[in-house]
Each structure stands twice: as C-alpha cells, then as structure tokens.
Amino acid sequence: MSISGKTVLVTGAAGFIGFYLSKYLLEQGPSVKVVGFDSVNDYYDVSLKEERLRILGETAGREDTGAFVFVKGNLADKALVDSVFKEHQPEIVVNLAAQAGVRYSITNPEAYIEANIIGFFHILEACRHSQEWFSGGVKHLIYASSSSVYGSNKKVPYSVDDKVDHPVSLYAATKKSDELLAYSYGKLYGIPMTGLRFFTAYGPLGRPDMAYFSFTNKLVNGEKIKIFNYGDMYRDFTYIDDIIKGVASVMQRIPDEDEDGVRYKLYNIGNSRPESLLDFVEILETCLLEEGIIKKRGERELLPMQQGDVYQTYADVSALEEDFGIRPETSLKEGLSRYAKWYKEFYGDEKS
Ligand SMILES: NC(=O)c1ccc[n+]([C@@H]2O[C@H](COP(=O)([O-])OP(=O)(O)OC[C@H]3O[C@@H](n4cnc5c(N)ncnc54)[C@H](O)[C@@H]3O)[C@@H](O)[C@H]2O)c1
C-alpha cells in the first residue's frame with residue numbers, strides 16, 4: 001500500500017520517533033497529508049518537542065512536501081480521538097504516543113496506564129468505528145511496542161516467536177498488553193495491524209531521558225557517569241534513520257492473513273549488534289571530544305543493577321530482512337557522531 005495520496009495519523013508526532021516519521025512522510029510529496037497528535041507533555045524538556053514541531057511546520061511549508069496538521073491533545077480523551085478520526089479520515093494510523101521509559105514506570109505507574117493502555121484502547125476503538133465513519137475506514141494500524149517486552153529473556157537474539165510473559169517493568173507490561181489488545185481487535189474487527197518492537201533508538205533531537213543523552217549532559221557538566229551492573233550490560237542501539245526506514249517499509253505493506261485469518265504481524269527493529277555499555281560510553285566520549293563538546297573523558301561510577309533494567313537487548317531482525325530486504329546498518333560511531341554534531345549545534349554555548 002503506497003503512502004502516496006494517503007492521510008496518515010501519527011500519534012506522538014512531537015516525540016523523537018514520531019517527529020522523524022512525520023518528517024519522512026511529508027518529504028514523500030504533496031499528495032501526503034500527515035495529522036500529528038501529541039499532548040506535548042513535560043516528561044522531558046518541552047523545548048525539544050517544540051523544536052521538532054517547528055521543523056515539521058517548516059518542512060510542510062515547502063512546495064514539494066505534504067501537508068501537516070497538528071492536534072495537541074491526550075489519547076485518554078476519547079471524544080477528541082474520535083473527532084480527529086472523523087475529521088481527518090486517516091487511511092493509515094501509526095501510534096507512537098506513549099509514556100516511555102523503564103525507570104519512570106516504577107514511580108509513576110498512572111502515566112503508563114493512561115497513555116499506553118487507555119490511550120491505545122481509544123486508538124483501537126476509533127480504528128474499529130472508522131469503518132462506519134468514513135468510506136474504507138483505517139486500512140492499517142501500526143503501533144510501537146518495545147524490546148522491553150523480552151524482560152530477562154535468556155535466549156539471544158530475541159525473536160518475536162519467543163515467549164515473553166515475564167515483564168520486569170510496568171512499562172514492558174503495558175507494551176505487551178498493547179500487543180494482546182491489538183491482536184484481539186485484529187481478530188474481532190478485521191483491522192490489519194503491525195506491531196513494532198523498537199530497540200533503543202538514538203540520534204539527533206533524541207530523548208534526554210535516555211542514557212546517551214543524560215551521559216552527555218553529565219560529561220559536559222563535569223559530573224560522574226553512573227554505570228549500572230558495573231558496566232556488564234549490552235544494548236542494541238539503533239540509529240533513528242534505521243528505525244524510520246523500518247517503520248516506513250512496514251507501513252506500506254498490510255500483513256498477510258495468519259492461520260486464523262488475522263492480518264497481524266510483529267517485527268523487531270533493532271541494530272542486531274549489541275554493544276557493551278562501557279564500549280558505548282567510550283565511543284560517545286570520542287564523538288563528544290571530536291566535536292570539542294568535552295575536553296576530557298569523564299569519571300565513571302560503577303553501580304549494581306537497577307530495578308526494571310535488563311541485562312541485554314539483542315534483536316533478531318531476520319523477519320524484517322525476509323519481508324522487506326532491509327536491516328539496520330548505521331554503526332554506533334557514525335550514529336553518535338551525528339548526534340554529537342547536532343548536540344553542539346542545538347545547545348551551543350549554553351552547555352559548553
Ligand atoms: N526511543 C526508543 O528507544 C524506544 C524503544 C522502544 C519503544 N519505543 C516506543 O516508541 C514510541 C515512541 O517513542 P519515542 O522515543 O519517540 O518517545 P517520546 O517520549 O519522545 O515520544 C512520545 C510522545 O508521546 C506523547 N504522549 C505521551 N503520552 C501521551 C498521551 N496520553 N496522549 C498524547 N500524546 C502523548 C509525548 O508528549 C511524546 O511527545 C513509544 O511508544 C515508545 O514506547 C521507543
């Protein structure tokens with residue numbers, strides 16, 4: 001299913017991944033319309049979300065790009081979600097709005113239930129009723145899950161066929177719940193669905209709550225970096241362009257029916273090359289030194305494992321390769337170097 005001529009609803013459009021996806025879609029040409037939806041909450045620095053929205057407005061202002069409409073609102077507001085579907089009649093919906101973050105879920109569970117369970121339920125309901133509200137209704141719902149659903153999975157690499165019934169955080173539990181809710185709506189109401197388990201996305205204009213960003217801020221301020229599990233942790237860091245390439249490919253293909261006649265598919269989108277946390281810090285520091293953002297390497301404080309954290313994440317991306325012929329390919333050095341360049345430009349004198 002081509003994106004051309006389509007209206008795409010992107011929730012979480014002011015967020016990291018939603019911003020890049022919306023920008024990519026707008027750049028596909030004037031026949032594309034993107035409806036961005038986001039509460040622009042203050043879970044992290046709102047000025048980053050405002051900057052992303054500013055860039056989207058600027059992109060949409062060019063003649064060769066699609067149109068952008070932005071709705072500021074909460075997915076928990078069912079009437080608002082329904083009205084957006086009725087007014088804009090999206091053929092494709094990409095649900096990226098969520099309360100993200102593993103550690104925050106330990107102290108702020110409500111935010112996760114509101115956005116990831118109630119909010120997602122409202123998206124599913126609106127997709128269901130869209131068939132009554134406009135001709136053809138929503139043809140494909142793509143939604144974000146997370147590598148967190150693998151919990152303490154021992155088998156690597158992590159495959160979507162692995163049993164994932166032991167979440168180690170509420171965040172993971174809400175994401176796994178989304179997958180179950182989505183499947184049931186696919187089965188009951190015939191809505192084609194694709195779930196995406198993202199593995200640690202990073203890049204320019206990224207999320208300040210994530211390790212690479214908070215490490216950078218600490219290094220800039222000359223503070224010690226806290227490294228958990230004494231550095232014995234592995235993450236499959238995935239550069240944002242690779243994430244977007246994956247989402248864009250998946251969006252354009254409605255899944256085939258499974259043996260129960262349900263058009264439902266799950267994919268991992270990860271780099272499939274886990275890096276040790278200590279190597280990661282070394283590479284990050286090298287990139288920050290190269291840009292002159294820091295003058296020397298930082299001090300490390302090695303600490304035990306934190307609640308909610310997992311030992312490693314490692315994506316099996318064979319399904320993505322088989323179905324779409326793509327696999328993430330940006331190296332950590334290349335990706336972090338682009339991030340460091342952006343950080344210097346965005347924060348400039350203010351931080352250094
Ligand atoms: N970035 C990653 O490494 C990663 C990894 C795994 C999964 N994910 C998932 O991918 C999706 C996008 O993540 P991101 O990194 O862009 O996060 P993000 O926090 O940058 O973006 C999420 C956006 O959703 C908005 N939002 C939150 N609750 C909302 C609500 N109730 N109603 C409307 N808007 C709301 C926020 O304001 C934010 O702008 C999320 O579902 C996240 O759980 C991300």
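This passage covers the salt bridges of a predicted model and its second largest pocket. Local features need pLDDT of at least 70 and side-chain atom pairs count only at pLDDT 80 or more, while totals for chains, interfaces and linings use all residues. Residues are numbered from 1 along each chain as its sequence is written, and side-chain values use heavy atoms, with hydrogens and water left out.

A sweep of the whole structure turns up 25 salt bridges (a side-chain nitrogen of Lys or Arg within 4 Å of a carboxyl oxygen of Asp or Glu). One of them pairs Arg 54 with Glu 51 at 3.0 Å, N to O. These two sit three residues apart in helix H2 (residues 46-60), so about one helical turn separates them; helices here are DSSP runs of H or I with at least four residues, strands are E runs of at least two, and both are numbered from the N terminus.

Lys 341 and Glu 291 also meet in a salt bridge, at 3.1 Å, N to O. Lys 341 belongs to helix H11 (residues 332-351) and Glu 291 to the loop between helix H9 (277-290) and strand E13 (300-302), so this pair ties together parts that are 50 residues apart in sequence. Lys 341 is partly exposed at 45% relative accessibility, whereas Glu 291, at 16%, is buried (buried is under 20% relative accessible area, exposed over 50%, partly exposed in between, with a 1.4 Å probe and protein chains only). Elsewhere, salt bridges with shared partners link Glu 282, Glu 285, Arg 297 and Arg 300 into one network.

Note on methods
1 Å grid on protein atoms, 1.4 Å probe; cavity = no way out; pocket = protein on both sides within 12 Å on 5 of 7 lines; lining within 4 Å. Points joined across faces, edges and corners; volume = space filled by probe spheres on them.
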